Amino acid sequence: MARYSIFEIARHAVTGHRHWPRAWRDPAPKASYDVVIIGGGGHGLATAYYLAKEHGIRNVAVLEKGWLGGGNTGRNTTIVRSNYMLPANARFYEFSLKLWEGLSAELNFNVMFSQRGVLNLAHSDAQLDAFARRGNAMRLHGIDAELLDREEVRAMVPLLDLSERARYPVAGGLLQRRGGTARHDAVAWGYARAADGLGVDIIQNCAVTGFAREGGRVSGVETTRGPIRTPKIGIAVAGHSGHVAAMAGLRLPIESHVLQAMVSEPLKPMLDTVVTYGAGHFYVSQSDKGELVMGGDLDMYNSYAQRGNLPALAEVVASGMQLFPIMSRLRLMRHWGGVMDMTMDGSPIIGKLPLCGLYLDGGWCYGGFKATPASGWVFAHTIAHDRPHALNEAYSLERFATGHVLDEKGAGPVPNAH
Amino acid sequence: MLLIKCPWCGERDHTEFTYGGDASVSRVRPAAQAPPAAWHDYVYLRDNPLGRHLELWHHTASCRRWITVERDTLSHAITASVPAGDRSGSGER
């Protein structure tokens with residue numbers, strides 16, 4: 001695999017850029033692999049990459065039922081942050097943010113990681129106090145956090161409605177400057193190309209239909225492109241985690257819900273950070289193309305449909321207009337839905353499943369995109385060593401039985417509340 | 001918009017209702033002295049089916065009654081809605 005560089009661009013310019021090689025191969029599945037990863041999104045591809053790079057396990061297949069990054073990797077609002085309070089979450093997401101900071105160089109692929117900051121707005125003194133507590137917890141974990149008053153917010157985001165007339169006047173905010181956005185498709189493509197370069201087979205249009213077992217452990221997968229033998233299977237299928245685990249006879253503490261996102265028509269630069277609303281559920285950033293990228297709450301009922309309903313959409317834009325009255329005359333250009341695997345405590349599950357040889361990386365709720373590098377890194381470690389890394393020990397499936405839940409929001413076992 | 005047929009009020013927009021989750025779970029509440037594993041299954045585990053799903057909806061903006069709805073989680077087609085707790089209803093297991 002030729003490295004991308006300015007010299008390669010110059011070399012291909014001579015022939016009018018008509019002869020760039022494809023970024024990864026399109027192999028037919030082999031009869032057996034050392035590890036099979038189900039799901040060709042960011043998490044699955046990152047897992048395959050780190051299996052090959054960190055653990056020398058290169059006889060790996062990534063099976064994708066559709067196309068690479070066509071699920072939640074290509075449907076999220078691209079926000080990257082590590083502003084968590086619970087120690088296990090803070091450690092994990094900060095590790096992820098540090099991987100993001102070196103990711104373009106690591107993968108030799110520009111993932112357009114932009115540390116433009118993530119600003120959470122507070123709308124009461126009590127909420128600002130709660131943010132101060134979270135910010136202090138973050139700083140104790142070595143994560144950057146700054147508490148802003150209203151004037152500092154105004155200096156940073158002048159188009160916000162910061163008047164006293166606002167329905168929920170802004171009191172201040174918690175800023176993580178190292179947070180930001182990344183180009184989500186590029187993350188899937190970058191990991192795919194780098195994994196392929198290390199020998200990983202990426203097989204698209206290949207759906208898993210069942211598991212083969214031998215002597216109390218998995219021995220392979222049944223797929224729409226024939227059976228594949230393997231002693232280790234990693235599941236990284238986001239919203240379909242429960243559905244795929246059910247093929248192995250397992251029930252999970254997960255419900256699948258649809259979450260919508262949307263973009264406006266393109267605008268001139270108006271917002272150079274990520275802003276989240278504290279009096280409702282709304283988050284917005286501006287893409288390099290100029291579109292406002294927006295999201296909010298779930299549609300709230302169980303759904304496997306990658307499309308949502310208008311009432312949820314209307315609530316999101318209504319929240320947006322409370323923050324940015326300038327949005328009132330914008331047209332929406334596109335909206336879409338993704339299927340979230342909502343866990344019972346709002347934190348992910350990365351670890352072994354009760355069936356030997358079967359591993360799960362799922363339960364990402366709203367927050368899977370920012371976790372992509374660390375998720376792949378710890379999942380690869382878990383599969384290679386058959387035990388979790390210190391960074392994902394707390395994300396075991398068993399935590400629900402032992403009572404060690406990680407409920408960052410304190411919402412209780414109600415998946416759509418997280 | 002989902003149109004949910006309330007047994008008392010007729011067909012209404014789903015925004016009149018509050019979603020109450022998987023109806024099959026709440027029907028099998030363990031005894032207080034049941035082993036922790038039974039409570040773990042009850043509180044945390046879900047079938048989370050792709051397809052037919054029995055679920056509770058609370059008609060909060062109107063009659064304030066709970067109903068059990070049978071809905072497809074992929075197509076959103078609603079095939080039954082009966083008063084919650086009505087075991088004779090076509091939507092119950």
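Helix 2 (residues 42-55) of chain A lies across four strands of chain A: strand 1 (35-38), strand 2, strand 8 and strand 19 (358-362). Contact here means heavy atoms within 4.5 Å. The helix runs at about 175 degrees to strand 2 of chain A. Such angles run from 0 to 180 degrees between N-to-C directions, with axes fitted to C-alpha atoms, for helices over the stretch in contact. Helices (H or I, at least four residues) and strands (E, at least two) are DSSP runs, numbered from the N terminus.

This is a predicted model, where local features need pLDDT of at least 70, side-chain atom pairs count only at pLDDT 80 or more, and totals for chains, interfaces and linings use all residues. Residues are numbered from 1 along each chain as its sequence is written, chains are lettered from A and ligands numbered from 1 in the order in which they are written, and side-chain values use heavy atoms, without hydrogens and water.

**The sheet**

Six strands of chain A form an open sheet in the order 8-2-1-12-19-18, with mixed pairing. Two strands pair if DSSP finds at least two bridges between them. Strand 8 (201-203) and strand 18 (349-352) of chain A stand at the edges; each has a single partner strand, so one side of each has no neighbour in the sheet. On average, neighbouring strands of this sheet are turned by 15 degrees against each other, direction ignored. Strand 2 (residues 60-63) and strand 8 of chain A run parallel, joined by three bridges. A:Ala61 stands opposite A:Asp201 in strand 8 of chain A.

**Cysteines**

A disulfide is a pair of cysteine sulfur atoms within 2.5 Å. The count over all chains is zero. Partly exposed means a relative accessible area between the limits for buried (under 20%) and exposed (over 50%), with a 1.4 Å probe and protein chains only.

| Cysteine | Closest cysteine sulfur | Relative accessible area |
|---|---|---|
| B:Cys9 | B:Cys63, 3.6 Å | 23%, partly exposed |
| B:Cys63 | B:Cys9, 3.6 Å | 26%, partly exposed |

The sulfur of B:Cys9 is too far from that of B:Cys63 for a bond.

**Where the chains meet**

The contact takes 25 residues from chain A and 22 residues from chain B. About 2,100 Å² is buried between the two chains, and carbon and sulfur atoms give 56% of this. Buried area is the accessible area (1.4 Å probe) that two parts lose on being put together, summed over both. In chain A, A:Arg251, A:Tyr301 and A:Tyr304 lose the most area to chain B, together 32% of what that side buries.

**Confidence**

The model scores ipTM 0.91 and pTM 0.96.
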